[in-house]
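Colleague: I would like a close look at a single part of this model, with each technical term explained as it comes up. Please go slowly and connect the pieces for me.

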Amino acid sequence: MATCLEREINAFLWLALIGVTVFLLGKLAKVFQLWIKARPLPGPPCPSFYGHAHLISASNLTDTLYKIHKEYGGVVKLWVGPTQLLVSIKDIELIREVLLKAEDKLPLTGRAFRLAFGRSSLFVSSFDKVEHQRKSLELKLGSKLLERASLIPDQMLDCIIEKAQSAMAKGAVDCETISLRLAFTILGSTIFGDVFLAWPNAIVYEELLMKIAKDACFWASYGVTPFWKQGFWRYQDSCTKLKSLTHDLIKECRQNCNSGFLWDFGGHDGTGYEPCGEIISLMFHGSLTMAALIANILARLVVHLDIQEKIHSEVVMAQKVRGRAYQENFGLMPNLVATVYESVRLLPAGPLLQRCSLRRDLNLKNGTVIPAGAMIVVPIQLVQMDISNWGNDALKFNPQRFLSGTDNRCIPDQKESLTGN
């Protein structure tokens with residue numbers, strides 16, 4: 001009896017050993033396959049087994065990519081670890097092709113935001129899945145912003161000044177802090193209506209949202225949920241509190257019927273999805289994007305006083321015009337719109353577009369093959385400051401480039417661009 005049991009245990013252990021060995025050999029084969037497929041891609045040689053991780057940690061990634069692209073061309077590779085390949089694409093003709101074919105987001109990024117905010121149908125990997133919803137959201141947000149535009153100088157600005165004064169009493173306030181508060185208030189009042197302006201938990205909500213987003217990638221980096229760490233449970237409590245605050249705010253807005261946009265966004269079309277995760281994701285991504293743009297514009301205007309004076313004159317003239325729809329006044333402020341465009345060009349909301357193809361290799365039309373699993377980035381900041389695309393003054397702040405009637409990048413009709421028609 002004991003001998004039979006001993007044989008069964010030995011057989012089980014051997015099978016387990018063989019299974020683990022096959023699994024590890026499969027993983028090793030994929031690593032070698034990645035190395036072989038990545039060899040034809042141009043890029044700097046690896047200084048060590050750990051790749052160029054020291055370059056990324058020691059300096060700005062955009063600066064590193066600028067030097068590599070300058071030496072190796074429009075498509076370059078960079079090993080950031082033994083099994084982590086980064087492929088950067090700066091070639092204009094290949095960017096659109098890559099973004100269409102590489103439908104997946106980085107697993108860590110998607111897992112981080114799901115862990116923090118919940119599942120979102122607006123910020124998933126494939127653009128095809130969300131194209132209709134994003135266009136609908138763009139039209140709704142654009143129309144709501146235009147409806148509330150007349151309130152921004154009064155209610156919103158008063159709210160911002162009050163919050164800024166409160167923050168200044170606690171210490172110094174920089175441009176980024178003011179810009180974030182301004183963006184957060186504008187977006188929050190657009191989504192939630194006037195209730196958001198009088199909501200006593202607005203500052204707590206903003207701070208909690210940014211804190212959770214900051215820690216999300218750290219906790220998502222664990223392959224197994226780290227339930228044994230007390231910090232993780234504190235993080236989960238913060239996420240629960242954020243969702244509870246969002247639910248309370250949504251409920252209050254719907255009771256007051258104070259936000260038609262929020263009512264439409266809540267999903268009465270039979271889809272049945274919970275809007276809380278969508279709202280939190282929209283507040284996070286939207287406020288950061290708007291804050292970066294506002295801060296950049298303010299910084300540019302401080303340096304370029306001549307442009308500041310032109311914009312001030314345009315705004316004063318536009319306010320004197322009566323009996324016109326608010327969006328029609330944008331035609332009277334071309335320097336303001338050109339400054340916004342130029343600010344976005346020089347400092348986009350995100351320096352990199354990140355994609356990957358997890359299941360299959362990407363075969364580009366120029367013959368380049370990007371292995372499956374590689375992290376693909378498009379350095380937007382480098383593309384928008386490329387001399388071949390923007391001329392010899394590409395590095396300079398020059399809103400006039402968008403006012404030239406002979407330039408194909410000149411400002412389009414502002415009413416159409418704002419309403420989405």
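Modeller: A residue is called buried when its relative accessible area is under 20%, exposed when the area is over 50%, and partly exposed in between, with a 1.4 Å probe and protein chains only. By that rule, 39% of the 421 residues of the protein count as buried. The model is predicted, so local features need a pLDDT of at least 70 and side-chain atom pairs count only at pLDDT 80 or more, whereas totals for chains, interfaces and linings use all residues. Residues are numbered from 1 along each chain as its sequence is written, and side-chain values use heavy atoms, with hydrogens and water left out.

The protein has 18 helices and six strands, which are DSSP runs numbered from the N terminus (H or I of at least four residues for a helix, E of at least two for a strand). Among contacts (heavy atoms within 4.5 Å) between residues at least 6 apart in sequence, 69% join residues at least 24 apart. The part I have chosen is helix H10, which covers residues 202–220.

Let us begin with H10 and helix H11, residues 230–256, whose axes come within 10 Å and cross at roughly 140°; axes are lines fitted to C-alpha atoms, for helices over the stretch in contact, and angles run from 0 to 180 degrees between N-to-C directions. That angle makes H10 oblique to H11, since angles under 35 degrees count as roughly parallel, over 145 as roughly antiparallel, 65 to 115 as roughly perpendicular and the rest as oblique. The crossing of H10 with H11 is left-handed, a word used if the near helix is turned anticlockwise from the far one by less than a right angle, with right-handed used if it is turned clockwise. On the H10 side, the residues making this contact include Tyr 205, Leu 208, Leu 209, Lys 211, Ile 212, Asp 215 and Trp 219, while those of H11 include Phe 232, Tyr 235, Cys 239, Lys 241, Leu 242 and Leu 245. Sorted by class, the contact of H10 with H11 holds 11 nonpolar, three polar and three charged residues, where Ala, Val, Leu, Ile, Met, Phe, Trp, Tyr, Cys and Pro count as nonpolar, Asp, Glu, Lys and Arg as charged, and the others, Gly among them, as polar.

H10 also packs with helix H8, at an angle of about 110° and with the two axes 11 Å apart. H8 and H10 are therefore roughly perpendicular to each other, and their crossing is right-handed. Leu 180, Arg 181 and Phe 184 of H8 make this contact, and they meet H10 residues that include Ala 202, Ile 203, Tyr 205, Glu 207, Leu 209 and Met 210. Here the residues divide into seven nonpolar, no polar and three charged. Tyr 205 and Leu 209 take part in the contact with H11 and also in the contact with H8.

The charged residues lead on to salt bridges, each a side-chain nitrogen of Lys or Arg within 4 Å of a carboxyl oxygen of Asp or Glu. A search of the whole structure finds seven of them. One of these joins Glu 207 to Arg 181, with the closest N and O atoms 3.9 Å apart. Because Glu 207 lies in H10 and Arg 181 in H8, residues 175–192, the pair ties together parts that are 26 residues apart in sequence. Glu 207 is partly exposed at 48% relative accessibility, whereas Arg 181 is buried at 12%.

A second salt bridge of H10 links Asp 215 with Lys 211, whose closest N and O atoms are 3.7 Å apart. Both partners lie within H10, four residues apart, which is about one turn of the helix. Asp 215 is partly exposed, with a relative accessible area of 25%, and Lys 211 is likewise partly exposed, at 46%. Asp 215 and Lys 211 are also among the residues through which H10 contacts H11.

To draw the picture together, H10 lies oblique to H11 and roughly perpendicular to H8, with one salt bridge between Glu 207 and Arg 181 and another between Asp 215 and Lys 211.
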